[in-house]
Structure formats: structure tokens, C-alpha cells
Amino acid sequence: MANTVVVGAMWGDESKGKLIDFLAHDKDVVVRWGGGSNAGHTVVVPNAEGGEDEYKLHLVPSGILHPNTLCVVADGVVLDPASFVGELTALKARGVTCENLKVSGNVHIVLPYHVLLDELEEKRKGKRALGTTGRGIGPAYQDKAARVGIRMREFVDPTLFAERLAEVLEFKNELLTKIYGVQPLSAEKILAELLPHAEALRPYVDDTALRVAYAARSGKKVLFEGAQATLLDIDLGTYPYVTSSHPSAGGACIGTGLGPTQIDQIIAVTKSYTTRVGAGAFPTEQNNALGDLIRERGAEYGTTTGRPRRCGWLDGVALRYSALVNGLTDLYLGHLDVLTGFEEVKMAVAYRLNGEEIVDFPSDQGRLCRCEPIYKTFAGWPEDVSEIREYAKLPENAQKYVEAVEEYVGVPITTLSVGRRRDQTIFREG
Ligand code: IMO
Ligand code: MG
């Protein structure tokens, strides 16, 4: 397949980083298309000493560990300069070359007032707070849509940046002091803090949309790295408990330089169970000892915020919705090893809403929070599966579960993951 999109199937944290890293060795270009440092992608790779190295990435595409792959941060991303430069510095210190990295001049910069406003808006919402990652994502996208955002090309021009900052900060400070009653921010301080980062970022700035379009036209293969996930999409997700961008497959084309006709494959990554961080309805949540057990076995704590993730059974209804709205060609079922040892394993196959049984996912919070899952129950398997590499060698009950998910969702599960490392992967085809 030439051009492949990888999306999160559910509410994020599906271990997309592992698949991206895996697919990247066969691709020429890896493009991150949206979100910001709210994402946390962990990649575990074997090292020269026979051990393993773990990389936690937030903004830098997970393809960065492949030195010959062009890594692109495309227009749809909102970029926190300190966070990005910090990641680059840490990668370089570990010997990773970042020479093949390009950042679109059109990405919007996350500034200190975005981070502050994220916190203040959450506080103001009180009980209705979203549980954001606190990285300034919502406020940065608000400014983008309001057409007052500061983009990378302005940011790396010291004169222009100072001008734009003064203009925007005047209004932000009115908001901070008069509405939120907090201290205003100082433009001088922001400039002093950020100008060194602008300096460090300047060499990476590029017209990435054109670069990607020309690369694809000359036969290069492009991999689109999704951050967040389908149910966090601002339109298709569980609004208002969503992020402010378009993490579903359609978002991949926006600002990257390729049109929908150039996408050949769309893979969604899901776990063998479901997790969610932050607030919002989660019908299959197990807010009990079972959920705690899944959390401990699956190490379900946020890469970005360290928050314990809410855990529950696989929500087939949500997954089927995700398959439909993303136009999936493939499903990647991860964390199968975590389900070892459960006497029985469940998947929601319908919801009960107002006394009626439904199979179509209601993506709005109003209806979703009243849905009761109806489960199909499967016999569990006691065998450790983490060293299995062939599908046929999986315990029979595990195979039955996998095939039931596949049949219910209507999309082939072409890859499975049985552990964090690159090699702990099972391919069902080829
Ligand atoms: P990756 O790429 C899981 C969630 C937050 C919150 C909501 C809004 O690691 O899968 P935001 O800070 O974006 O305004 O928060 O979205 N959220 C994620 N949850 N994984 C992520 O990214 C997420 N990015 C945002 O927890 O509920
Ligand atoms: Mg995450």
C-alpha cells in the first residue's frame, strides 16, 4: 500500500506509536496531521546491547527513529515550542538524527496564554470540566478558528513575532484580568523565553504541503500518523468531551498536501478492551475491581499527564461506529496479552437506550450517557500470549474473541499486538 492513514479507533492511547514506528520502515514520509502535545506516543525499540529503548513522543512524529524517513509536522498541528524543542534536544542527546524533520510554516504556535486559559476555562466549567491535558490545545485552536493565531512563519521572524504578540496579548490580558481576575502576562517575558526556541526551530520550517504533494507524485509512500482518536474528533466524537481538532481519518488530508483520492489504506488501532482519560460518557466502563485489574495489567496511566485511565470492556458499538465513519480498511487489535487470565471476556454488541435496543452509536453526550451496554460474553484464556508470533498458535478462545470482534465490526483485523516491543506483533496476512 502506498499511502496509509493510522487513526485511533476510540478515545486515544491505543498505542498508535508502536504501529507507526513499525509501518515507518516501509514508508518514505511520515506526517503528523493534528493535535499537539496532548498526544503521548510511546515507542519501544531494541538497542545494540540487546535491551530495549523507550521513547515518549508528543509532537515529533514517531517515524523519527527511522533515519531515512522524512518526518513532517503538518499544518493542522498546534505546536508548543518549548515542548517541541525539549523533545528534539532529548532525541539528539540519545543519538537520534532529526535532520529529516520538517515543520509546516502554517502550524499554529501554542503560547503561554493558551496554557493558562486552558486551566482557567476548565476551572470555570467546574463540574462540567472536560479533564483536558492542560496543554493549551483548546485555546490554541480557538485562536486559529478566530483567525488571530500566530503561525510558525511569524514566530520564527523576531520582528513579526513581537508585533503579533503585542497585538494579541492586549486582548488576552483584558480577558485574563477582567474576566478571570488573574495577573496579566508580560510580552517581554514571553519573548525572552521563546526567542531562543524560535531560533532553534527556524531551520525546520518548510512548505510541507508542497513537499508532501511532490513526494507522493514522484511515487514516495506516505504514512499519516494520527494523534488522539476518532471519538475525540470535534465533529464525529463525543462532543463536548472531545479535543479541538480532527483526529478521524478525514482529518489526515487537511493541510498535508494529499487529497482523499490519494489514500490507499486506513488502519484504526484499538485495544482489546477500552480506555478513556478525562470526562465524558463511557458505557462499558468498569469503575470497580475489574477495571482496576485491567489498569494494573495494562499499565493504563497517561503518557502525557500520568493520570490513571478509566478502563472497561471493549465497546463493539463504538468500534463499529469508528469503522463506519473512518472508512476503515484494516483494524489493529492491540494489548491482547492484557486479557490473559480473565475467566471471561466481554464485548458490548448493543446498547439499551430508553428501553430500546440500539446498535448505532449515539455520539452525543446527552444520549450516550444514558446508554446501558448489552454484552456478548466469551470464555477467557489462561495462557500467556506475549511470546506468540503466529496467529494460529494463539489459544483457541483468544482466536474466537478476535474473530468475533472482526465479524461484529465488519473490518479485517490484519495485525495484533501482544506486548509493547516491536517484535511482539502478529501479522495475519503476508
Ligand atoms: P493520544 O495521541 C487520550 C483527551 C483529554 C480530554 C480531551 C480534551 O495519546 O492518543 P485536550 O487537552 O485535547 O483539550 O483534552 O481529550 N485527550 C486524549 N486522551 N489520548 C490522547 O492522545 C488525548 N488527547 C486528548 O484527556 O478528555
Ligand atoms: Mg495519550
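This short talk covers the surroundings of ligand 1, then helix 8, and then two buried strand residues.

Before I start, a word on conventions: this is a predicted model, in which local features need pLDDT of at least 70 and side-chain atom pairs count only at pLDDT 80 or more, while totals for chains, interfaces and linings use all residues. Residues are numbered from 1 along each chain as its sequence is written, chains are lettered from A and ligands numbered from 1 in the order in which they are written, and side-chain values use heavy atoms, with hydrogens and water left out.

Let me begin with the ligand. Ligand 1 has 20 residues around it, counting a residue as near if one of its heavy atoms lies within 4 Å, and those that come nearest are Asp13, Lys16, His41, Thr133 and Thr243. By class, this shell has seven nonpolar, ten polar and three charged residues, where Ala, Val, Leu, Ile, Met, Phe, Trp, Tyr, Cys and Pro count as nonpolar, Asp, Glu, Lys and Arg as charged, and the others, Gly among them, as polar. Domain 1 (3-102 + 207-427) and domain 2 (108-204) each supply at least three residues of the shell, with bounds taken from an automatic or database domain assignment.

Which atoms approach the oxygen atoms of ligand 1? A backbone N or O atom of Asp13 lies 2.8 Å from one oxygen atom of the ligand, a backbone N or O atom of Gln228 lies 2.9 Å from an oxygen atom, and a polar side-chain atom of Arg307 lies 3.0 Å from an oxygen atom. Taken alone, ligand 1 exposes 550 Å², of which the protein buries 98%, by the Shrake-Rupley method with a 1.4 Å probe.

Now to helix 8, residues 208-217, a DSSP run of H or I with at least four residues. Its buried residues are Thr208, Val212, Ala215 and Ala216, buried meaning under 20% relative accessible area and exposed over 50%, with a 1.4 Å probe and protein chains only. Seen down the helix axis, these buried residues fall within an arc of 95°, judged by the directions from the axis to the C-beta atoms, so they line one face of helix 8. Tyr214 and Arg217, on the other side of helix 8, are exposed.

Finally, the strands, which are DSSP runs of E with at least two residues. Lys271 lies in strand 11 (residues 265-271) and is buried, with a relative accessible area of 2%; its side chain is joined to that of Glu300 by a polar contact of 2.9 Å, a term for N or O atoms within 3.5 Å, where one must be able to donate a hydrogen and the other to accept it, and residues adjacent in sequence count only if both atoms are side-chain atoms. Ile374, in strand 18 (residues 372-379), also counts as buried, at 18% relative accessibility.
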